[in-house]
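Dear colleague,

I am passing on the structure that we spoke about, and my notes on it follow directly below. Please read them with the model open beside you.

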Amino acid sequence: MKSAVVVFPASNCDRDAAVALEQITGTKPTMVWHGDAEVPKDVDLIVLPGGFSYGDYLRCGAMARFSRVMADVIAKSNEGRLVLGICNGFQVLTEAGLLPGALMRNANLKFVCRPVGLKVEETQNVFTRRYDAGQIVHFPVAHGEGNYVADEDTLDRLEGEGRVVFRYAPGDNPNGSMRDIAGILNEKRNVLGLMPHPERVCDPLLGGTDGKVLFEGLVEALS
Amino acid sequence: MTATKTVTPEVVREHGLSEAEYEKIKSLLGREPNYVELGVFSVMWSEHCSYKSTRAHLKKLPTKAPWVIQGPGENAGIIDIGDGDVCVFKMESHNHPSFIEPFQGAATGVGGIMRDVFTMGARPVASLDSLRFGEPSHPKTRHLVAGVVSGIGSYGNCMGIPTVAGETAFHKSYNGNILVNAMCVGLARKDKIFYSAAKGAGNPVVYVGSKTGRDGIHGATMASAEFNEDSEEKRPTVQVGDPFTEKLLLEACLELMATDAIIAIQDMGAAGLTSSSSEMADKGGAGVEIDLDKVPQRETNLTAYEMMLSESQERMLMVLKPGREAEAERIFRKWELDFSIIGVTTDTHRLIVRHKGEVVADMPVTSLSDAAPVYERPFVKRTPMTGEPGFDASRPVMDSLVRIMGTPDMCSKRWVWEQYDYTVMADSVQRPGGDAAVVRVHGTNKGLACTTDVTPRYCRADPYEGAKQAVAEAWRNITAVGGVPMAVTDCLNFSNPEKPEAMGEIVAGIEGLGEACRALAFPIVSGNCSLYNETQGEGILPTPCIGGVGLLKDVNRMASLAYKREGDAIIVIGETGGHLGQSVYIREIEGKEEGACPPVDLALEKKNGDFVRTLIESGHADTVHDVSDGGLLVAIAEMALAGGIGATLRMNYEHDRFIPVFFGEDQARYVIAVPEKAADAVIARARKADIYARHLGYTGARSDGGEPVLQGVGLPPVTLARLRAAHERWLPEYMAGKS
């Protein structure tokens, strides 16, 4: 499986994503500068990593979506290439219109870093196929703006179409997200955005390997 | 000269310079200084930059060891951690700005110390913050806690550097003068270390980073005077941070550092362009000429004085090899940062500054460094507090424990550290809440153990023993996770050195520090002094904060405080004498801050600590906690809470000795938990090494209802749920305005 990680100014989980990808896929991902014209053609998976692209100025992800490379990311996602947006990457995906809704400031207005329980709602997609439906996994969150908001129709549609992939476990919603939504798919199910960090739980010393399963599923699906 | 004021005695006074100092400036220059030069001297000769009150005493500190690559005097200290890796670290205070403007003050404190580390070629990998606030009931405390924590988080989180440890404590002596000490730890390769000595003439001097504005002018001077009622008017002297730019600056610097284009580099911290240019020239034995018209400016009509003294953040000064400018500029432009060649190094040993075609300053660089005043300030050493405070032996032990676990100093600081990203970089193998944080050296199995420690109430009782204790506790905390303590950075927070009593605390503190660091082979490689921590005549408790760094050979052989199995034997290493003087118990339960602080036997510390570390390294112990604030029972309770596993105590002390035994704060102790079948061997091994070890009980107690409890020795059981509620409740409720 070939992957690429887009580096925006002040991305800061780009290395973490690259380390996890290399460890699990056996191949170093290509690091793609945000000012580049395109992502390498043969890439199977494009990761938009966590961080504070453009310092979160204006709104999280609002400036990054205008980065030159994003036009190609959008084009490739329309062709069906896989795109994974983690944390700030999820925010960029909503700003870019690849995923519906928006990520607002956490309900308590504070940054939060802690492991959270996540219910895997959906396994009929390439990202979570190795999990069991209904399984509770633990990923850390680390964000100030992870409060998922969308209108009721959109939320109903997301749920109706099985596009809510991860939900915060009961009582473990760290940011006030509507319907406890932690991660969603696009309509074609090739773009996943989530606030928690699977790439930070791929090593038992770091508190577990629940995140590794996601990447292993991708490798299996693409081989 | 344009836009400059006339230098009058009044202007000299406003700059915080004494008459004698002004006379010395005149003799060094051979003339009267102009306004710009006066400004430059005032910051470079400020206490903050010149260490004029402490330099004579700091010389006594041990700073060398075979593994020390760089001691004090550079941007940060450096130690060798083997395999070509080095660890670069430093701690620095940002106390005064944080009191005036807590969010920006704390944020720029974090940003400043990170620059000190990456300017040496290191990627920062861990951040720690030691915070002291006034009493919770003080009207400002809540606002200051909220602002400081959110400022630290906003900067560190955006930088993507995990904030992994620290301290948060409260005392009325900090009501008007909080302490914000920020520590940064970084990793570099031994053959890729960068220094600030601008050797050679004719090399381009380059400014990179943010533009210069009017913020922070005279910040260093503010940090060198007492606070008074008007201090809040000094808000404009507080700098404003932009972590986004700093993140770009970090990446751009590291990218350029991968080449060999840089001769010298230094961040523009306190006293900005003035200190960076003069210090770089001074260390390189060179001179420097700067043209201020080339300095990237954020505001219009900046004067030479303002530009030289601005403390605008996220700026660096570099000296490049000639001919490498274009290559360097390409990198900084890629990261959308300013890049400007603003001057050249010379062989004149002078700092010459031009603005709008005129020379606005011309002075020998040594006049700003070596010739800066050094004071042997008069001091009196106060007699240490002595005696044993009385206590009511009939008070219920478990109720006192619950109360102590919920006090502002002893309660969980989860509310603080959950606002910091402590998992980014995916190497934080031991997270906030333990004795020391452990950060894996990326791509290896080695780990860096990091901690900050000081017990100011001990330092008040006896500045010498208290400073020893701060070092010993940092050493112990590193040991408790299995690390070999390597070196120390210090932040010496004291009050007004011009008062002989306060100077006496400083001298005794530095001596205690030196004594402990020597005995423990724990040299001091960097740090700073923050004096004049005093508001309207009220000084803070002496607070020599110690930042310790240690090395774990293998993070798979690491200990943590959480009980891991039911049925483990709980063993205390180190003897319990029952020292209640200056203890948390006496303060919180008896309401007194009395008695002698616990004495520190450094040889015993070393012996007991080395024994515990060997147990961890050899795989015989994975559950270890140092015994410090609160004493033995608090340590046992903290271990139980961390693991969610109860404990039963079985020790045969007399009932009337329970309080000193359980809550005394004797030093050089650790609680460990090992599988029961290994317990006898551990104790035998300790006895053979002439080390005190005693079996205290077992992990895993449950109530009849199956709830984990802490119980034994005839005391009524207390559920972990009750302990946890007390431990976790206070801070969030306080911050929500409920307590």
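B:N301 is an exposed residue, because only 8 other C-beta atoms lie within 10 Å, and a residue counts as exposed when that number is 12 or fewer. Please keep in mind that this is a predicted model. The residue B:N301 sits in the loop that runs between β9 (287–291) and α12 (304–309) of chain B, and its phi is positive, at about 60°, although B:N301 is not a glycine.

A similar note applies to chain A, where A:L109, which is not a glycine, has a positive phi near 65°. A:L109 lies in the loop between β5 (102–104) and β6 (112–120) of chain A, and it is exposed, since 10 other C-beta atoms are found within 10 Å.

As for how the chains meet, 22 residues of chain A are in contact with 21 residues of chain B. On the chain B side, the elements that contribute two or more residues are α8 (141–159) and α10 (243–257), and the residues of that side comprise 12 nonpolar, 5 polar and 4 charged ones.

Turning to the interior, the largest nonpolar core holds 311 residues, and those that touch the most other members are B:V438, B:L448, B:C450, B:V471 and B:I672. In soluble globular proteins, nonpolar side chains tend to be buried together. If residues up to four places away in sequence are left out, B:C450 touches B:A126, B:L128, B:V164, B:A165, B:V185, B:A436, B:A437, B:V439 and B:V549.

With best wishes

Definitions and conventions. Residues numbered from 1 in each chain as written. Chains lettered and ligands numbered in written order. Predicted model: local features only at pLDDT ≥ 70, side-chain atom pairs only at ≥ 80, totals over all residues. Contact = placed C-beta atoms within 7 Å. Helix = DSSP H or I, 4+ residues; strand = E, 2+ residues; numbered from the N terminus. Nonpolar A, V, L, I, M, F, W, Y, C, P; charged D, E, K, R; others polar. Core = buried A, V, L, I, M, F, W, Y, C linked by C-beta atoms within 7 Å. Buried ≥ 20, exposed ≤ 12 C-beta atoms within 10 Å, placed from the backbone.
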